[in-house]
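Visitor: Could you walk me through this fold, please? I would like to start with one strand pairing and work outwards.

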Amino acid sequence: MAKILIVDDERSIRTTLAEFIREEGHDVYTAEDASQALALLAEHNPAVVITDIILPRMTGVALLKRINEIAPDTQVLMITGEPTAETAAEAVRLGAFDYLSKPIARTDFKSAVTSALRVSELALERSRLEEENRRYQEHLEEEVERKTGALRASEEKYRAVVENASEAVFIAQGGTIPFANPSTSRLSGRSSEALRTRPFIEWIHPEDRKLVAERYQQRLEGEDVPAEYEFRIVRTDGETRWVELRTVIITWAGEKATLNFASDITDRKLREAQESARQERIQHRDAALIQLAMDPVLYEGSMHRAVQAITEASSRTLQVERASVWLYTKNKDAIECIDLYDLSENTHSKGRILRSKDAPSYFQALAQERVIAAGNVFEDPRTAQFLTSGASDQDTISTLDASVRLEGELVGVVCHEHEGIQRNWEREDINFASSLANLVSLVLEAVHKREAENKREISEMRYKSLFEGSPVALWQEDYSQAKALLREIQASGVEDMEAYLHEHPEVLHDCIRRIRVEDVNQATIALHGAKSKAELVGELSRIIPQGSRSGFIPQLLAILRGEVYYSGTSIDQRRDGSVIHAAIRWMPAPGYEESLQRVLVSQIDITATVEAEKSLHQALDGTIRAIGMTTETRDPYTAGHQRRVTELAVAIAKKMGLAPETIEGTRVAGLMHDIGKLAIPAEILSKPSALNSMEFSLIQSHPQAAYDILETVTFPWPIAQIVLQHHERIDGLGYPKGLAKDEILMEARILAVADTVEAMASHRPYRPALGINLALEEIKKNSGLKFDAKIVDACLELFNSGEFAFQDPTNDTRRPSG
């Protein structure tokens with residue numbers, strides 16, 4: 001058992017080499033740099049040091065020098081991943097025993113370590129004997145015989161080590177081999193006698209004899225030559241073997257000679273040759289793939305030409321008899337050959353069909369595996385059915401099929417058929433077939449893209465024709481920049497975008513400005529009084545009048561929400577400055593639903609309709625006011641009551657943020673809520689004293705009387721029901737029907753609060769005005785009982801904040817007191 005030190009800055013290499021040594025039963029120490037190595041050298045005195053030539057802080061060469069100084073008998077093996085002749089020469093010149101290159105084979109490494117240990121043992125023994133000789137110089141006569149015996153025993157021991165060595169050990173001197181161990185005879189195929197008597201150059205391969213002879217002579221003459229090199233020998237049976245030779249100069253029988261250690265590396269050289277051939281095949285196939293990938297025919301959209309190029313290149317590169325491409329049919333129950341190339345005949349054919357019912361095992365394997373590599377198609381259960389179905393040639397012995405997938409979906413297969421001797425497919429064959437399948441996928445993508453482009457061009461032509469010829473005004477607009485701005489604003493923390501745009505008109509203008517008009521048709525040009533498209537394309541803000549831009553907010557909210565359809569109205573400015581009202585609908589073009597980069601907008605002029613509705617609304621409003629005034633003429637003490645109730649009710653509805661339609665309905669109902677008093681005698685309405693039960697019953701009938709009058713009139717709102725319910729209370733104790741809570745319309749609940757406040761704050765025939773403070777206290781006291789709490793809160797806030805006050809100077813109802 002010997003001590004061995006391994007020095008390398010890579011843990012994995014230290015660990016691996018240490019395991020090799022421990023397998024031989026030796027003690028192993030490891031160090032990651034020179035400083036650790038020197039410390040372990042001083043502590044354990046190893047027989048052999050194995051060190052990487054590249055180490056941090058101190059190189060392996062520098063470490064070698066230090067070891068020679070500290071422990072000259074320690075043998076040093078140098079290893080490196082980047083061997084050069086200069087490095088090797090330097091290491092040997094400085095005293096390295098041997099020099100190994102990464103990666104290091106287990107057998108080569110163990111052999112080198114074994115040789116180094118033998119030399120170390122010899123050197124240690126020699127040093128010990130020399131030390132003993134010096135120590136006992138004065139007793140030399142007595143010790144000569146004992147020392148001679150010891151030397152003789154040592155020589156026998158050394159001879160036993162050499163004789164039993166697994167590698168060839170021999171001494172070369174004068175062109176012959178005066179000493180050789182049995183391993184040398186086994187390696188060369190020559191007897192010991194033949195080795196001693198015949199020139200050793202005879203068993204060197206003729207092509208390597210000059211090299212070996214020159215190296216031998218140069219070493220004897222002291223020149224720097226590699227301590228290790230490779231050459232071929234020829235055995236007596238004619239077999240050629242590769243050997244690796246490590247040589248040192250010694251003195252033998254008083255003359256210079258070389259001590260040689262030779263290892264059989266034939267198997268290693270064979271592996272290297274095989275790897276070199278494999279790399280050459282890979283390079284050849286990579287070059288073929290690159291050439292194919294750069295061929296423009298693959299991307300021009302022609303399936304026929306592209307697939308033929310692939311099958312020809314595939315067959316020639318893999319050296320197979322046939323290469324073909326098959327695609328699944330529409331219903332996925334079969335594959336059809338779209339091209340088959342026959343290498344020997346140099347012809348293309350197509351049309352074969354293989355149905356899944358005829359080869360279920362093959363189709364199942366195709367769906368589950370990327371590549372089906374069958375060395376013997378008759379024995380492989382995946383492919384046997386393929387051949388019996390007639391889809392492949394009966395002379396085929398091996399197949400290599402790679403599935404073609406498009407966006408993850410199995411769409412076809414690339415097939416290779418080999419004839420003759422069974423072929424065991426290598427990894428590089430499989431990788432090449434997979435790459436070809438990927439190229440077929442690219443071809444399919446190019447074909448689909450070309451078909452889509454053709455359809456798009458046809459669609460564009462049809463769209464353009466319909467767009468330009470449409471009698472409806474059509475716009476093509478780009479909303480993408482406006483959408484980006486709105487999302488940026490939303491990301492900054494804005495939650496209520498509608499309110500934000502109302503409060504920031506400059507942001508609203510910027511959003512509209514970012515909408516671009518890309519195209520308009522002739523109907524649009526005529527509608528806007530433009531001379532050409534150039535006057536309308538560009539920023540949409542040129543067409544939207546400043547005063548009507550808030551009406552564009554619903555469209556911007558639809559854009560922000562990512563809606564793909566919008567219907568609404570807009571107000572545009574014609575080229576002559578006049579304004580048009582338009583009904584618009586828009587939707588993004590197919591493929592632009594997310595970006596809204598291309599949106600088609602239709603526009604119909606509804607200006608005449610809007611003006612007519614406006615006139616009708618004005619007429620209706622006038623009629624409503626006239627009816628209200630008629631009511632007040634019957635009751636002069638409550639003159640202005642309906643108007644003041646209406647003003648407060650509208651203010652409350654706005655404060656609550658109700659919809660514009662609800663606010664308008666509240667206004668109209670308020671102006672007529674007491675129209676039913678036309679059916680009550682005037683003397684009861686103006687009676688200065690308390691009413692009796694019959695008179696009060698008549699007063700309570702005025703909502704029903706109002707309903708009977710108004711139900712015959714068509715309004716856009718439920719005016720008759722609102723007026724009927726304005727004396728109802730949420731506790732169910734109101735009149736005329738005793739409705740409660742949500743049974744009462746929102747507009748009626750608002751009028752109930754406004755009517756109570758105004759009535760209490762104003763003068764009545766039977767009492768003076770109670771004042772606004774008592775009126776507000778009344779609704780506050782009955783909040784949630786008789787009156788809707790939210791409506792009461794809105795009313796109180798209006799008065800307390802000063803946002804509202806009755807404007808009639810005859811009543812002390814302007815504002816609540818402190």
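Visitor: Which residue in E22 is the bridge partner of Thr-569?

Guide: Happy to help! This is a predicted model, where local features need pLDDT of at least 70, side-chain atom pairs count only at pLDDT 80 or more, and totals for chains, interfaces and linings use all residues. Residues are numbered from 1 along each chain as its sequence is written, and side-chain values use heavy atoms, leaving out hydrogens and water. Strand E21 (residues 566-573) and strand E22 (residues 579-588) are antiparallel and share 8 bridges; in E22, the partner of Thr-569 is Ala-583.

Visitor: Which residue in the turn of the E21 and E22 hairpin has a positive phi?

Guide: Strands here are DSSP runs (E, at least two residues), numbered from the N terminus, and two strands pair if DSSP finds at least two bridges between them. E21 and E22 make a hairpin with 5 residues between them. The turn residue with a positive phi, about 95 degrees, is Gly-577.

Visitor: In what order do the strands of the parallel open sheet run?

Guide: This sheet has 5 strands with parallel pairing. Its edge strands, pairing on one side only, are E2 (27-31) and E5 (98-101). The order is E2-E1-E3-E4-E5.

Visitor: What is the bridge partner of Thr-80 in E5?

Guide: Look at strand E4 (residues 75-80), which pairs with E5 in the parallel sense. That pairing spans 4 bridges. In E5, the partner of Thr-80 is Ser-101.

Technical notes: Buried < 20%, exposed > 50% of the residue type's maximum accessible area, 1.4 Å probe, protein only.
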